[in-house]
Amino acid sequence: MKTSCITLLVAAALGAAGTSAFAPARRGVGRPAATTCLPMALDDAMKSRLDGIRRSYQALTERLADPDVIADSNLLRQVMKDRSQSEEVVLAFDEYCRLDGELEGANELFQEAGDDAEMREMARSEIKTIEAELEGLEDKIKILLLPRDPNDERNCMLEIRAGTGGSEANIFAGDLYDVYRKFMSAEGWQVSTMDASPGDDGGYKNVCLEVKGDSVYSKLKWEAGVHRVQRVPATETQGRVHTSTATVAIMPECDEVDVKIDPKDIELSTMRSGGAGGQNVNKVETAVDLLHKPTGIRIKCTQERSQLKNKELAMKMLMGKLYDIENEKREAEERARRGDQIGTGGRSEKIRTYNWKDSRVSDHRLGQNFPLQGFLGGEVGPIIDGLIARDQETKLQQLSEEAAS
(Lines give C-alpha, C1' and ligand atoms only; values in the text may rest on other atoms or scores of the structure.)
Protein backbone atom coordinates (compact mmCIF):
# COMPACT_ATOMS: atom_id res chain seq x y z
CA MET A 1 0.00 0.00 0.00
CA LYS A 2 1.41 3.40 -1.00
CA THR A 3 2.38 5.92 1.66
CA SER A 4 -0.01 8.56 0.27
CA CYS A 5 -2.88 6.13 0.60
CA ILE A 6 -1.97 5.26 4.18
CA THR A 7 -1.91 8.97 5.00
CA LEU A 8 -5.42 9.33 3.62
CA LEU A 9 -6.58 6.30 5.56
CA VAL A 10 -5.23 7.56 8.84
CA ALA A 11 -6.51 11.09 8.29
CA ALA A 12 -10.04 9.78 7.83
CA ALA A 13 -9.91 7.24 10.66
CA LEU A 14 -12.78 8.95 12.51
CA GLY A 15 -15.07 9.31 9.45
CA ALA A 16 -18.85 9.15 9.39
CA ALA A 17 -20.90 5.96 9.09
CA GLY A 18 -22.45 4.66 5.92
CA THR A 19 -22.32 2.06 3.17
CA SER A 20 -20.49 2.11 -0.10
CA ALA A 21 -20.95 1.37 -3.81
CA PHE A 22 -18.24 1.36 -6.45
CA ALA A 23 -17.90 1.44 -10.23
CA PRO A 24 -14.95 1.13 -12.64
CA ALA A 25 -12.68 4.18 -12.74
CA ARG A 26 -13.49 6.75 -15.42
CA ARG A 27 -10.92 7.86 -17.97
CA GLY A 28 -10.38 11.46 -18.96
CA VAL A 29 -8.74 12.86 -22.09
CA GLY A 30 -5.10 11.84 -22.17
CA ARG A 31 -5.37 10.30 -18.70
CA PRO A 32 -2.93 7.49 -17.91
CA ALA A 33 -4.07 4.31 -16.14
CA ALA A 34 -4.92 5.02 -12.51
CA THR A 35 -2.21 4.20 -9.99
CA THR A 36 -4.12 5.01 -6.81
CA CYS A 37 -4.51 2.22 -4.28
CA LEU A 38 -8.31 2.58 -4.47
CA PRO A 39 -8.99 2.62 -8.24
CA MET A 40 -12.79 2.94 -8.04
CA ALA A 41 -14.65 6.14 -9.03
CA LEU A 42 -17.84 7.30 -7.36
CA ASP A 43 -20.80 5.75 -9.18
CA ASP A 44 -24.36 7.07 -9.41
CA ALA A 45 -25.51 5.07 -6.38
CA MET A 46 -22.78 6.55 -4.21
CA LYS A 47 -23.42 10.07 -5.50
CA SER A 48 -27.11 9.64 -4.71
CA ARG A 49 -26.21 8.56 -1.18
CA LEU A 50 -23.89 11.52 -0.79
CA ASP A 51 -26.65 13.85 -1.98
CA GLY A 52 -28.88 12.40 0.74
CA ILE A 53 -26.22 12.96 3.39
CA ARG A 54 -25.80 16.54 2.18
CA ARG A 55 -29.56 17.19 2.40
CA SER A 56 -29.61 15.79 5.94
CA TYR A 57 -26.64 17.98 6.86
CA GLN A 58 -28.39 21.07 5.50
CA ALA A 59 -31.55 20.19 7.43
CA LEU A 60 -29.53 19.82 10.64
CA THR A 61 -27.87 23.16 9.97
CA GLU A 62 -31.30 24.79 9.69
CA ARG A 63 -32.41 23.14 12.94
CA LEU A 64 -29.59 24.90 14.80
CA ALA A 65 -31.55 28.14 14.28
CA ASP A 66 -34.82 26.60 15.53
CA PRO A 67 -35.85 28.32 18.82
CA ASP A 68 -37.17 25.02 20.19
CA VAL A 69 -33.78 23.39 19.60
CA ILE A 70 -31.88 26.31 21.06
CA ALA A 71 -34.06 26.20 24.18
CA ASP A 72 -33.30 22.51 24.81
CA SER A 73 -29.60 22.11 25.62
CA ASN A 74 -29.68 18.30 25.29
CA LEU A 75 -31.42 18.44 21.92
CA LEU A 76 -29.07 21.18 20.72
CA ARG A 77 -26.08 19.07 21.73
CA GLN A 78 -27.47 16.06 19.84
CA VAL A 79 -28.19 18.08 16.68
CA MET A 80 -24.68 19.55 16.77
CA LYS A 81 -23.20 16.07 17.23
CA ASP A 82 -25.23 14.60 14.35
CA ARG A 83 -24.24 17.50 12.12
CA SER A 84 -20.54 17.24 12.96
CA GLN A 85 -20.51 13.51 12.12
CA SER A 86 -21.49 14.21 8.51
CA GLU A 87 -19.71 17.55 8.04
CA GLU A 88 -16.41 16.17 6.77
CA VAL A 89 -17.97 13.95 4.12
CA VAL A 90 -20.29 16.77 2.97
CA LEU A 91 -17.39 19.21 2.59
CA ALA A 92 -15.39 16.57 0.69
CA PHE A 93 -18.34 15.87 -1.62
CA ASP A 94 -18.89 19.60 -2.26
CA GLU A 95 -15.25 19.90 -3.27
CA TYR A 96 -15.60 16.78 -5.43
CA CYS A 97 -18.61 18.26 -7.26
CA ARG A 98 -16.75 21.54 -7.82
CA LEU A 99 -13.74 19.77 -9.30
CA ASP A 100 -15.98 17.51 -11.39
CA GLY A 101 -17.50 20.63 -12.94
CA GLU A 102 -14.05 22.06 -13.63
CA LEU A 103 -13.02 18.77 -15.24
CA GLU A 104 -15.99 18.93 -17.59
CA GLY A 105 -15.05 22.48 -18.57
CA ALA A 106 -11.41 21.49 -19.16
CA ASN A 107 -12.50 18.59 -21.39
CA GLU A 108 -14.71 20.95 -23.42
CA LEU A 109 -11.78 23.36 -23.77
CA PHE A 110 -9.60 20.48 -25.01
CA GLN A 111 -12.17 19.53 -27.65
CA GLU A 112 -12.70 23.13 -28.78
CA ALA A 113 -8.97 23.83 -29.08
CA GLY A 114 -8.89 22.09 -32.45
CA ASP A 115 -5.44 22.38 -34.02
CA ASP A 116 -4.20 24.90 -31.42
CA ALA A 117 -1.40 22.77 -29.92
CA GLU A 118 -0.65 25.25 -27.13
CA MET A 119 -4.29 25.44 -26.04
CA ARG A 120 -4.68 21.65 -26.18
CA GLU A 121 -1.57 21.13 -24.05
CA MET A 122 -2.78 23.66 -21.49
CA ALA A 123 -6.16 21.91 -21.28
CA ARG A 124 -4.48 18.51 -21.05
CA SER A 125 -2.30 19.70 -18.15
CA GLU A 126 -5.35 21.10 -16.33
CA ILE A 127 -7.23 17.83 -16.84
CA LYS A 128 -4.40 15.81 -15.30
CA THR A 129 -4.19 18.13 -12.31
CA ILE A 130 -7.94 18.03 -11.65
CA GLU A 131 -8.14 14.26 -12.08
CA ALA A 132 -5.34 13.74 -9.56
CA GLU A 133 -7.24 15.88 -7.04
CA LEU A 134 -10.47 13.99 -7.77
CA GLU A 135 -8.76 10.65 -7.16
CA GLY A 136 -7.59 11.84 -3.76
CA LEU A 137 -11.11 13.02 -2.88
CA GLU A 138 -12.64 9.75 -4.11
CA ASP A 139 -10.34 7.81 -1.81
CA LYS A 140 -11.13 10.08 1.13
CA ILE A 141 -14.91 9.95 0.57
CA LYS A 142 -14.93 6.15 0.36
CA ILE A 143 -13.09 5.96 3.67
CA LEU A 144 -15.48 8.46 5.26
CA LEU A 145 -18.40 6.27 4.15
CA LEU A 146 -17.01 3.07 5.62
CA PRO A 147 -19.15 1.45 8.34
CA ARG A 148 -17.84 2.62 11.67
CA ASP A 149 -17.78 1.39 15.22
CA PRO A 150 -20.79 2.98 17.00
CA ASN A 151 -18.68 3.32 20.16
CA ASP A 152 -15.87 5.32 18.51
CA GLU A 153 -17.10 8.70 19.77
CA ARG A 154 -17.44 7.52 23.37
CA ASN A 155 -15.20 8.14 26.33
CA CYS A 156 -13.83 4.99 27.91
CA MET A 157 -12.27 3.24 30.88
CA LEU A 158 -8.76 1.83 30.54
CA GLU A 159 -7.87 -1.00 32.90
CA ILE A 160 -4.39 -2.46 33.29
CA ARG A 161 -3.96 -5.72 35.22
CA ALA A 162 -0.64 -7.37 36.01
CA GLY A 163 -0.49 -10.91 34.62
CA THR A 164 2.12 -13.62 34.96
CA GLY A 165 5.48 -12.62 36.40
CA GLY A 166 4.87 -11.63 40.03
CA SER A 167 6.42 -8.32 41.09
CA GLU A 168 7.92 -7.78 37.65
CA ALA A 169 4.44 -7.98 36.12
CA ASN A 170 3.27 -5.28 38.55
CA ILE A 171 6.21 -3.08 37.59
CA PHE A 172 5.48 -3.62 33.90
CA ALA A 173 1.82 -2.69 34.46
CA GLY A 174 3.13 0.51 36.03
CA ASP A 175 5.31 1.14 32.97
CA LEU A 176 2.28 0.81 30.69
CA TYR A 177 0.36 3.15 32.98
CA ASP A 178 3.11 5.78 32.62
CA VAL A 179 3.15 5.38 28.82
CA TYR A 180 -0.60 5.81 28.50
CA ARG A 181 -0.64 8.83 30.80
CA LYS A 182 1.97 10.51 28.56
CA PHE A 183 0.00 9.61 25.43
CA MET A 184 -3.27 10.88 26.89
CA SER A 185 -1.65 14.11 28.00
CA ALA A 186 -0.31 14.68 24.48
CA GLU A 187 -3.81 14.05 23.07
CA GLY A 188 -5.28 16.62 25.45
CA TRP A 189 -7.62 14.11 27.12
CA GLN A 190 -8.94 14.34 30.67
CA VAL A 191 -7.83 11.42 32.85
CA SER A 192 -8.92 10.43 36.34
CA THR A 193 -8.08 7.36 38.41
CA MET A 194 -11.14 5.24 39.19
CA ASP A 195 -9.36 2.50 41.14
CA ALA A 196 -5.78 1.45 41.83
CA SER A 197 -4.02 -1.35 43.69
CA PRO A 198 -0.26 -0.67 43.95
CA GLY A 199 2.23 -3.52 43.75
CA ASP A 200 4.42 -4.36 46.74
CA ASP A 201 7.64 -3.57 44.81
CA GLY A 202 6.26 -0.77 42.66
CA GLY A 203 3.89 -0.55 39.73
CA TYR A 204 0.32 -1.79 39.99
CA LYS A 205 -1.51 -5.04 40.51
CA ASN A 206 -4.35 -3.31 38.71
CA VAL A 207 -5.30 0.26 37.88
CA CYS A 208 -8.39 1.65 36.16
CA LEU A 209 -8.57 5.08 34.50
CA GLU A 210 -11.50 7.07 33.18
CA VAL A 211 -10.54 8.85 29.95
CA LYS A 212 -12.57 11.68 28.40
CA GLY A 213 -11.90 13.53 25.18
CA ASP A 214 -12.43 13.60 21.44
CA SER A 215 -13.08 10.10 20.00
CA VAL A 216 -11.15 8.48 22.84
CA TYR A 217 -12.42 4.93 22.30
CA SER A 218 -11.66 4.98 18.56
CA LYS A 219 -7.95 5.16 19.38
CA LEU A 220 -7.51 3.38 22.69
CA LYS A 221 -9.52 0.30 21.64
CA TRP A 222 -6.47 -0.90 19.67
CA GLU A 223 -4.55 -1.28 22.95
CA ALA A 224 -6.84 -4.01 24.31
CA GLY A 225 -5.15 -7.37 24.80
CA VAL A 226 -2.14 -9.03 26.41
CA HIS A 227 1.13 -7.08 26.46
CA ARG A 228 4.30 -9.13 27.01
CA VAL A 229 7.66 -7.84 28.22
CA GLN A 230 11.05 -9.54 27.96
CA ARG A 231 13.76 -8.00 30.14
CA VAL A 232 16.00 -8.49 33.17
CA PRO A 233 13.94 -7.46 36.22
CA ALA A 234 15.42 -5.08 38.77
CA THR A 235 15.08 -7.85 41.36
CA GLU A 236 17.01 -10.40 39.24
CA THR A 237 20.51 -11.05 40.61
CA GLN A 238 21.67 -13.55 37.96
CA GLY A 239 21.04 -11.32 34.94
CA ARG A 240 18.46 -13.67 33.46
CA VAL A 241 15.77 -12.40 31.08
CA HIS A 242 12.23 -12.89 32.40
CA THR A 243 8.96 -12.82 30.50
CA SER A 244 6.02 -11.09 32.18
CA THR A 245 2.61 -9.94 30.99
CA ALA A 246 -0.05 -7.36 31.65
CA THR A 247 -3.58 -7.25 30.28
CA VAL A 248 -5.16 -4.04 29.00
CA ALA A 249 -8.94 -3.74 28.76
CA ILE A 250 -10.64 -0.79 27.03
CA MET A 251 -14.30 -0.38 27.97
CA PRO A 252 -16.48 2.23 26.22
CA GLU A 253 -18.42 4.57 28.46
CA CYS A 254 -22.05 3.56 28.98
CA ASP A 255 -25.06 4.37 31.15
CA GLU A 256 -28.33 2.85 32.34
CA VAL A 257 -29.74 3.06 28.81
CA ASP A 258 -26.97 0.79 27.47
CA VAL A 259 -26.86 -1.66 30.39
CA LYS A 260 -29.72 -2.82 32.57
CA ILE A 261 -28.67 -4.20 35.96
CA ASP A 262 -31.19 -5.94 38.21
CA PRO A 263 -30.60 -4.83 41.83
CA LYS A 264 -31.28 -8.44 42.85
CA ASP A 265 -28.11 -9.46 40.98
CA ILE A 266 -25.94 -7.18 43.12
CA GLU A 267 -24.35 -8.20 46.40
CA LEU A 268 -22.83 -5.20 48.16
CA SER A 269 -20.77 -5.03 51.35
CA THR A 270 -18.77 -2.23 52.95
CA MET A 271 -15.41 -2.10 54.70
CA ARG A 272 -12.79 0.32 55.95
CA SER A 273 -10.48 1.62 53.26
CA GLY A 274 -7.30 1.85 55.35
CA GLY A 275 -4.13 3.57 54.18
CA ALA A 276 -3.68 7.31 53.67
CA GLY A 277 -6.66 9.64 53.86
CA GLY A 278 -7.07 10.57 57.50
CA GLN A 279 -9.25 9.20 60.26
CA ASN A 280 -12.37 9.03 58.08
CA VAL A 281 -11.15 6.24 55.78
CA ASN A 282 -9.62 4.29 58.67
CA LYS A 283 -12.56 4.47 61.09
CA VAL A 284 -15.59 4.68 58.77
CA GLU A 285 -16.60 1.99 56.28
CA THR A 286 -16.15 4.06 53.11
CA ALA A 287 -14.94 1.27 50.81
CA VAL A 288 -17.36 -0.98 48.93
CA ASP A 289 -17.10 -4.58 47.72
CA LEU A 290 -19.54 -5.19 44.87
CA LEU A 291 -20.34 -8.62 43.38
CA HIS A 292 -22.41 -9.15 40.24
CA LYS A 293 -23.73 -12.66 40.83
CA PRO A 294 -24.66 -13.67 37.23
CA THR A 295 -21.15 -12.99 35.87
CA GLY A 296 -19.05 -13.30 39.02
CA ILE A 297 -17.53 -9.85 38.39
CA ARG A 298 -16.23 -8.43 41.66
CA ILE A 299 -15.22 -4.81 42.17
CA LYS A 300 -13.62 -3.37 45.28
CA CYS A 301 -13.60 0.41 45.30
CA THR A 302 -11.65 2.44 47.84
CA GLN A 303 -10.73 5.46 45.73
CA GLU A 304 -13.19 8.00 47.16
CA ARG A 305 -13.53 9.16 50.79
CA SER A 306 -17.28 8.54 50.97
CA GLN A 307 -19.17 5.27 50.74
CA LEU A 308 -21.77 6.76 48.36
CA LYS A 309 -19.17 7.94 45.87
CA ASN A 310 -17.35 4.60 46.00
CA LYS A 311 -20.64 2.81 45.36
CA GLU A 312 -21.38 5.05 42.37
CA LEU A 313 -17.86 4.46 41.05
CA ALA A 314 -18.15 0.69 41.50
CA MET A 315 -21.49 0.62 39.66
CA LYS A 316 -20.01 2.68 36.84
CA MET A 317 -17.12 0.24 36.53
CA LEU A 318 -19.53 -2.71 36.58
CA MET A 319 -21.66 -1.21 33.81
CA GLY A 320 -18.52 -0.65 31.76
CA LYS A 321 -17.40 -4.25 32.20
CA LEU A 322 -20.85 -5.67 31.33
CA TYR A 323 -21.13 -3.44 28.28
CA ASP A 324 -17.63 -4.47 27.24
CA ILE A 325 -18.59 -8.15 27.40
CA GLU A 326 -21.59 -7.61 25.12
CA ASN A 327 -19.59 -5.33 22.86
CA GLU A 328 -16.87 -7.95 22.49
CA LYS A 329 -19.45 -10.55 21.47
CA ARG A 330 -20.84 -8.25 18.77
CA GLU A 331 -17.37 -7.42 17.49
CA ALA A 332 -16.40 -11.11 17.37
CA GLU A 333 -19.47 -11.84 15.24
CA GLU A 334 -18.64 -8.95 12.93
CA ARG A 335 -15.01 -10.03 12.58
CA ALA A 336 -16.11 -13.58 11.81
CA ARG A 337 -18.40 -12.24 9.10
CA ARG A 338 -15.61 -10.11 7.63
CA GLY A 339 -12.84 -12.66 8.08
CA ASP A 340 -10.81 -9.94 9.79
CA GLN A 341 -7.08 -10.67 10.00
CA ILE A 342 -6.07 -7.75 12.20
CA GLY A 343 -6.73 -9.57 15.44
CA THR A 344 -9.51 -10.61 17.73
CA GLY A 345 -9.52 -7.39 19.71
CA GLY A 346 -10.16 -9.50 22.80
CA ARG A 347 -8.31 -9.09 26.06
CA SER A 348 -6.86 -12.62 25.76
CA GLU A 349 -5.07 -11.87 22.48
CA LYS A 350 -1.29 -11.36 22.67
CA ILE A 351 -0.97 -8.13 20.75
CA ARG A 352 2.51 -6.82 21.51
CA THR A 353 5.95 -7.77 22.85
CA TYR A 354 8.41 -5.32 24.43
CA ASN A 355 12.01 -6.47 24.13
CA TRP A 356 14.39 -4.43 26.31
CA LYS A 357 17.56 -6.12 25.02
CA ASP A 358 16.86 -5.23 21.39
CA SER A 359 15.11 -1.95 22.33
CA ARG A 360 12.09 -2.72 20.18
CA VAL A 361 8.32 -3.00 20.41
CA SER A 362 6.80 -5.69 18.18
CA ASP A 363 3.13 -5.35 17.30
CA HIS A 364 1.99 -8.83 16.27
CA ARG A 365 -1.11 -7.61 14.42
CA LEU A 366 0.92 -5.38 12.11
CA GLY A 367 3.97 -7.63 11.99
CA GLN A 368 6.05 -4.49 12.52
CA ASN A 369 8.65 -3.22 15.01
CA PHE A 370 8.76 0.20 16.64
CA PRO A 371 11.45 1.94 18.77
CA LEU A 372 11.08 1.04 22.45
CA GLN A 373 12.30 4.39 23.76
CA GLY A 374 9.79 6.25 21.65
CA PHE A 375 6.97 4.10 22.99
CA LEU A 376 8.11 4.59 26.60
CA GLY A 377 7.98 8.34 25.90
CA GLY A 378 4.29 8.05 25.07
CA GLU A 379 4.56 7.63 21.28
CA VAL A 380 1.68 5.19 20.92
CA GLY A 381 0.16 7.12 18.00
CA PRO A 382 2.21 5.57 15.14
CA ILE A 383 1.14 2.06 16.17
CA ILE A 384 -2.51 3.05 16.49
CA ASP A 385 -2.41 4.89 13.15
CA GLY A 386 -0.99 1.78 11.48
CA LEU A 387 -3.75 -0.40 12.93
CA ILE A 388 -6.47 2.04 11.84
CA ALA A 389 -5.00 2.18 8.33
CA ARG A 390 -4.79 -1.62 8.15
CA ASP A 391 -8.38 -1.98 9.31
CA GLN A 392 -9.65 0.52 6.74
CA GLU A 393 -7.62 -1.06 3.96
CA THR A 394 -9.19 -4.43 4.78
CA LYS A 395 -12.71 -2.99 4.80
CA LEU A 396 -12.15 -1.21 1.48
CA GLN A 397 -10.83 -4.38 -0.10
CA GLN A 398 -13.84 -6.34 1.12
CA LEU A 399 -16.26 -3.71 -0.19
CA SER A 400 -14.46 -3.77 -3.52
CA GLU A 401 -14.75 -7.56 -3.72
CA GLU A 402 -18.43 -7.43 -2.76
CA ALA A 403 -19.10 -4.84 -5.48
CA ALA A 404 -17.27 -6.95 -8.06
CA SER A 405 -19.17 -10.15 -7.21
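A strand here is a DSSP run of type E with at least two residues, and strands are numbered from the N terminus. With that in hand, welcome to this protein, which you are viewing as a predicted model. The protein has 405 residues, and 42% of them count as buried. Its secondary structure consists of 11 helices and 13 strands. Among contacts between residues at least 6 apart in sequence, 63% join residues at least 24 apart. The points below begin with the sheet, move on to some of its strands and residues, and end with the helices.

**The sheet**

- Eight strands make an open sheet, and the pairing in this sheet is mixed.
- If you walk across the sheet, you meet the strands in the order β4-β5-β3-β7-β6-β11-β12-β13.
- The walk starts and ends at the edge strands, β4 (190–198) and β13 (368–371), each of which pairs on one side only.
- From one strand to the next, the twist averages 20°.
- As background, strands of a sheet pair through backbone hydrogen bonds, and the pairing can be either parallel or antiparallel.

**Strand β3 and its two partners**

- What lies on either side of β3 in the sheet order? β5 comes just before β3 and β7 just after it.
- β3 and β5 (residues 204–212) run antiparallel and are joined by 6 bridges.
- One place to look for this pairing is L158, whose bridge partner in β5 is L209.
- With β7 (residues 242–252), β3 again pairs in the antiparallel sense, here over 7 bridges.
- On that side, you can find C156 with P252 as its bridge partner in β7.
- β3 is also mostly covered, since 5 of its 7 residues are buried.

**A closer look at E159**

- E159 belongs to strand β3, which covers residues 156–162.
- Is E159 buried or exposed? Its relative accessible area is 3%, and buried means under 20%, so E159 is buried.
- The side chain of E159 makes a polar contact of 3.5 Å with the side chain of R161.
- The side chain of K321 also takes part in a polar contact with the side chain of E159, at 2.9 Å.
- Which residues does E159 touch, leaving aside those up to four places away in sequence? They are V207, C208, T247, V248, A249, M251 and K321.
- K321 therefore appears twice in this picture, as a residue that E159 touches and as a polar partner of its side chain; the E159 side chain is part of a buried residue.

**Strands β11 and β12**

- β11 (residues 350–355) and β12 (residues 360–363) run antiparallel, with 4 bridges joining them.
- Within this pair, T353 stands opposite S362 in β12.
- K350 is a residue of β11, and at 54% relative accessibility K350 counts as exposed.
- K350 and V226 are 124 residues apart in sequence, yet their C-alpha atoms are 4.5 Å apart in space.
- Not counting residues up to four places away in sequence, K350 touches V226 and H364.

**Two serines with a positive phi**

- S215 is not a glycine, but S215 has a positive phi of about 50°.
- You can find S215 in the loop between β5 and α7 (216–220), and S215 counts as buried at 3% relative accessibility.
- S359 likewise has a positive phi of about 50° although S359 is not a glycine.
- S359 sits in the loop between β11 and β12, and is partly exposed with a relative accessible area of 34%.

**How the helices pack**

- Two packed helices are described by the angle between their axes and the distance between the axes.
- Helix α2 (residues 44–63) packs against helix α4 (residues 73–112) at an angle of about 135°, and their axes are 8 Å apart.
- That angle makes α2 oblique to α4.
- The crossing of α2 and α4 is left-handed.
- α4 also packs against helix α5 (residues 117–144), at an angle of about 160° and with the axes 9 Å apart.
- Why are α4 and α5 called roughly antiparallel? Angles over 145 degrees count as roughly antiparallel, and the angle between α4 and α5 is about 160°, so the two helices get that description.
- α4 passes α5 in a left-handed crossing.

How values were computed
Residues numbered from 1 in each chain as written. Predicted model: local features only at pLDDT ≥ 70, side-chain atom pairs only at ≥ 80, totals over all residues. Heavy atoms only, no water. Pairing = 2+ DSSP bridges. Axes fitted to C-alpha atoms, helices over the stretch in contact; angles between N-to-C directions. Buried < 20%, exposed > 50% of the residue type's maximum accessible area, 1.4 Å probe, protein only. Polar contact = N/O pair within 3.5 Å; in protein donor to acceptor, adjacent residues only side chain to side chain. Contact = heavy atoms within 4.5 Å. Parallel < 35°, antiparallel > 145°, perpendicular 65-115°, else oblique. Left-handed = near helix turned anticlockwise from the far one by under 90°.
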